[in-house]
Amino acid sequence: MNGEQAVTVTISALGQQGDGLGMHDGARLIVPQTLPGEVVRGRVQGDTLVAPERLSTAPDRQDPPCPHAGPCGGCAVQHASDRFVARWKVGLVRAALARHGVEMAFGRMTVSPAGSRRRAVFTAERARRGKRGGDGVVLGFHARRSTDIVPVTACAVVHPTIATALPGLAEMAEIGLRAVARDWRGAARLQITQSDTGLDLDVSGLPPLPAGPREAAIALAARLDLARLSWDGDPLLVARPPILSAGPAQIRLPPRAFLQATRDGEAALRRAVEQITQNAGRIADLFAGCGTFALPLAVRARILAVELDREALTALEDGWRRAGGLHRLETMARDLHRQPLSTEALSDFDAVVLDPPRAGAEAQVRALAGSRVPRIAAISCNPESFARDAGILIAGGYRAGPITLIDQFRWSPHIELVAGFTRSG
């Protein structure tokens, strides 16, 4: 199918990664940055139509708000209207449910505003010939379907405090990259988080810093007024502990801690979880992290928080102690994928909160499906694993409530969702 001759394709749908899809000579073609109904012309390269010329424009097309839209892989659908993106994401969830034979009602969708992402991971490497980057480094996001890095000088997704810090992040990456051998071909990862007390930066992927570069990095962190600078999880400078509020508690974040992408997205998830678990006196929070749900729920219920990451559990316990006046909270360090809580152990709880990683929690869900837990609040960032796990719970006798969709990942293919499952009697 490859060739230099241009072909004309009509876009019939948007794929799961946000690329337009069309057909040519009986084969499917991927056409980036297009929308259903548009007619494009371009050269076929493998399964992709490259350098497409748009011959017609869909009504839902809009001008991308970011200058890096297109080549940058951080966003997939900035060229589509909010109305279209919402319909598309609902469609992704419906399709995942259908593949697993699950039927569920849909509630409302909450969409985080632009410029509200409070965490991001940037990649940096030495500038190569033909690439532009400040001070000898390229800092940005990977290009779509590529390991190349697109230099980013602005970002419409992240909070303005993170966007403003981009030049400083490039300087920090340069300090680390200059400290390694010239033939080193790796890349640095810079995870930046906006906490209540300032920006928290962790640099990973690089060797430990020698004394001179270490002092330079600490000085730069002070100049940038970072709350904390860590190097591969090792704090180099703590001007003030990075703190996030969780209900009445304050969490002192460990380096590289997981947290929900936006504040309003987290608030919407908490509201949904609190509604599903209302009146429960004893709650198990599985995959509890640093206490996003456990700490607010401890206002009215006794909590067992289960999490594999011991640093996260330490932060959760510290937040609970400092808050004072909360109900009893116990923690358990456990790999719930390999050692799920048993059906018998779950029998003591009035409700379970389940917020696993993208792969879902099949083993734990199978134990829940055989339990008598009255209510389960299931949170997921992956419609496919959610649909699989929902099917297991429904087959076990649970009744599924409506799905609440929470779009914390503006202009990306990702969607967060939460739903309640109840067992009658």
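This report describes two sheets in a predicted model, together with the helices that pack on them.

## The seven-stranded sheet

Strands of a sheet pair through backbone hydrogen bonds, and the pairing can be either parallel or antiparallel. In one open sheet of this model, seven strands follow the order β9-β8-β7-β10-β11-β12-β13, and their pairing is mixed. At the edges stand β9, covering residues 149-151, and β13, covering residues 234-238, each of which pairs on one side only. From one strand to the next, the twist averages 30°.

At the β9 edge, strand β8 (residues 137-142) runs antiparallel to β9 and is joined to it by three bridges; within this region, G140 stands opposite P151 of β9. Helix α4, made of residues 211-223, packs on the sheet, where it touches β12 (228-231) and β13, and its direction makes an angle of about 50° with that of β13.

## The eight-stranded sheet

Another open sheet, also with mixed pairing, has eight strands in the order β6-β21-β22-β20-β19-β16-β17-β18. Its edge strands are β6 (106-111) and β18 (329-333), and each of these pairs on one side only. If direction is ignored, neighbouring strands of this sheet are turned by 15° against each other on average.

Strand β17, residues 302-307, pairs with β18 in the parallel sense over five bridges, and V306 has M332 in β18 as its bridge partner.

## Helices on the eight-stranded sheet

Helix α5 (residues 263-276) lies across β6, β19, β20, β21 and β22, and runs at about 5° to β22. Helix α9 (residues 362-369) also packs on this sheet, touching β16, β19 and β20, while its direction makes about 165° with that of β19.

How values were computed: Residues are numbered from 1 along each chain as its sequence is written. This is a predicted model: local features need pLDDT of at least 70, side-chain atom pairs count only at pLDDT 80 or more; totals for chains, interfaces and linings use all residues. Side-chain values use heavy atoms; hydrogens and water are left out. Two strands pair if DSSP finds at least two bridges between them. Helices (H or I, at least four residues) and strands (E, at least two) are DSSP runs, numbered from the N terminus. Axes are lines fitted to C-alpha atoms, for helices over the stretch in contact, and angles run from 0 to 180 degrees between N-to-C directions. Contact means heavy atoms within 4.5 Å.
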